[in-house]
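Here are my notes on the open and closed spaces in this structure, and on one part of its surface. Please read them with the structure open.

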Amino acid sequence: MADRDGTGDQDPNKDKAAVARSEAEEGSGREEGTSAGAPVHSEEGEGATAEAENQPNLQEEEDEEAKKKEESQKKKEEDEKKAKAALDGAGGAAEGAGAGNTFKALLFTRVFDPDDPFSVTFNRVLIGAIFVQCLLIPFIAAFGKEEAGMWVLSYVLDLVLVVNIFFRFRLAFSEDGLLVMDRKKIARNYLKSEFPYDIIALFPLDLFCFVWSGDDRVQALGLLRFNRLLSMHRVMRHFASVEESLSEFTGMMRSIKFTMLVMLVTQVSACLWELVEEAQPHNAASVVGDGGYRYVERLYWTVYVLSTTGYGELALDTRSEQVFAEILMVFGKLFFGYILGTLASSIANADAQGVRYREKLHAMNTYLADKNLPKDLEGRVSEYYEYIWESNKGINGREMVRDLPLTLQTEVSMEMSHGAISRVPLFQDTDIGFLRMLSLIIKPVLFLPNEY
């Protein structure tokens, strides 16, 4: 039994030795595993340590990068502010450079639109300064030679004319319907058109009074400044441009222009008469009274001669005064005839639309009367025409819109018909293109009360 199993002859000592060798091999294997795995754990620890050391460096780099971005953004904002300030012509003042830089930017770098508020305001100031200057210079030469305040005011107004020359080199102009903003083209256009008049009007003829050998040097100074009257060309050009435009203030501006012309012609004529009388040696004693009294007297005589025929209530003794009066009378008839005719035409044209409409109404009433229609029906027709006149002054807006391009026709028609279309439930929540086309074919019709 023991022999068949194969275990009965085994030695117990050999079994113990085999067990001991097996345990020894397992122990050596564990030691090898431990020694082989130790370096692995050491490398992982070193990597974690390196990452921990690199974290502060990465944080510093991120902070520096964020700081650089912030500085770059601040610099960009500053550059944008400077560019905007330079574009508006106020960069010098905004950066504390003073009023001088702002003035330089306005006159030498910026191009002005003729329709912007600054250009319009400056043009009005210029027109007023020129008109006052043209009234003041003849008065100073004839009556106000010793009035220091008037001399100062006159030279201050000269500064406005000087600034105007610089301003014109930076004022855009219209050419073929387009606004020209190029500074070189603006300069060439101004040099060819208005610059000669402006420079002649400001030419300092006053300097020649220093070589004047006579005793009346102050009067010579006043006479040498008469070239300033040439600046009135700009006033006339301004009113001409307004009259040529389609402004609703054309009639009012024409009346202002004629009023200014009458005042200027009367002022210059009165002052010239005073100078002619002072030039007569034997009349020096007859020039009595202060400047204000003589001015009112000469002004009265001038208005009398310009508006009527005759010398007035004053006697003209010298040949020079008589010749001057004759020239003034002829000029006065032509001048006032032109003004009265133009004003009458302006008044008639102011109601041209009403005249045409009344003619149409008269023709309609005549036609109805010829057809022997009932008076009640004629009255209703007349009431309808009066109602149309009160509603739209007889203007057919649809006929006027047809002259516009199709795009503008659509926009204008849409604005005019939007209220009526929006109240119709059928057209609500429809496509905008459909509404635009619908507005072009809608025809508004006016009805009298209780007629629809």
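**Notes on surface and spaces**

1. Start with the surface. Phe 203, Leu 207, Phe 208, Phe 210 and Val 211 make up a nonpolar patch, with about 590 Å² of accessible area together. Patch members have over 30% relative accessible area and no salt bridge (a side-chain nitrogen of Lys or Arg within 4 Å of a carboxyl oxygen of Asp or Glu). Nonpolar side chains are joined within 5 Å. Accessible areas use the Shrake-Rupley method with a 1.4 Å probe.

2. The model is predicted; local features need pLDDT of at least 70, side-chain atom pairs 80 or more, while totals for chains, interfaces and linings use all residues. Numbering runs from 1 along each chain, and side-chain values use heavy atoms, without hydrogens and water.

3. Look at Phe 208. This residue sits in the loop between α8 (195-201) and α9 (217-224). Helices are DSSP runs (H or I) of at least four residues, numbered from the N terminus. Phe 208 counts as partly exposed because its relative accessibility is 48%, and that class lies between buried (under 20%) and exposed (over 50%).

4. Now the closed space. The search finds 1 cavity of 30 Å³ or more. On a 1 Å grid, a cavity is where a 1.4 Å probe fits but cannot get out, and lining residues have an atom within 4 Å of a point. The largest cavity has a volume of about 60 Å³ (the space filled by probe spheres set on the points). Its lining includes Leu 126, Asn 164 and Arg 234. Helices α5, α6, α8 and α10 each give two or more residues to this lining.

Terms used:
Patch = residues over 30% accessible without salt bridge, like charges linked within 9 Å, V, L, I, M, F, W, Y side chains within 5 Å. Buried < 20%, exposed > 50% of the residue type's maximum accessible area, 1.4 Å probe, protein only. 1 Å grid on protein atoms, 1.4 Å probe; cavity = no way out; pocket = protein on both sides within 12 Å on 5 of 7 lines; lining within 4 Å.
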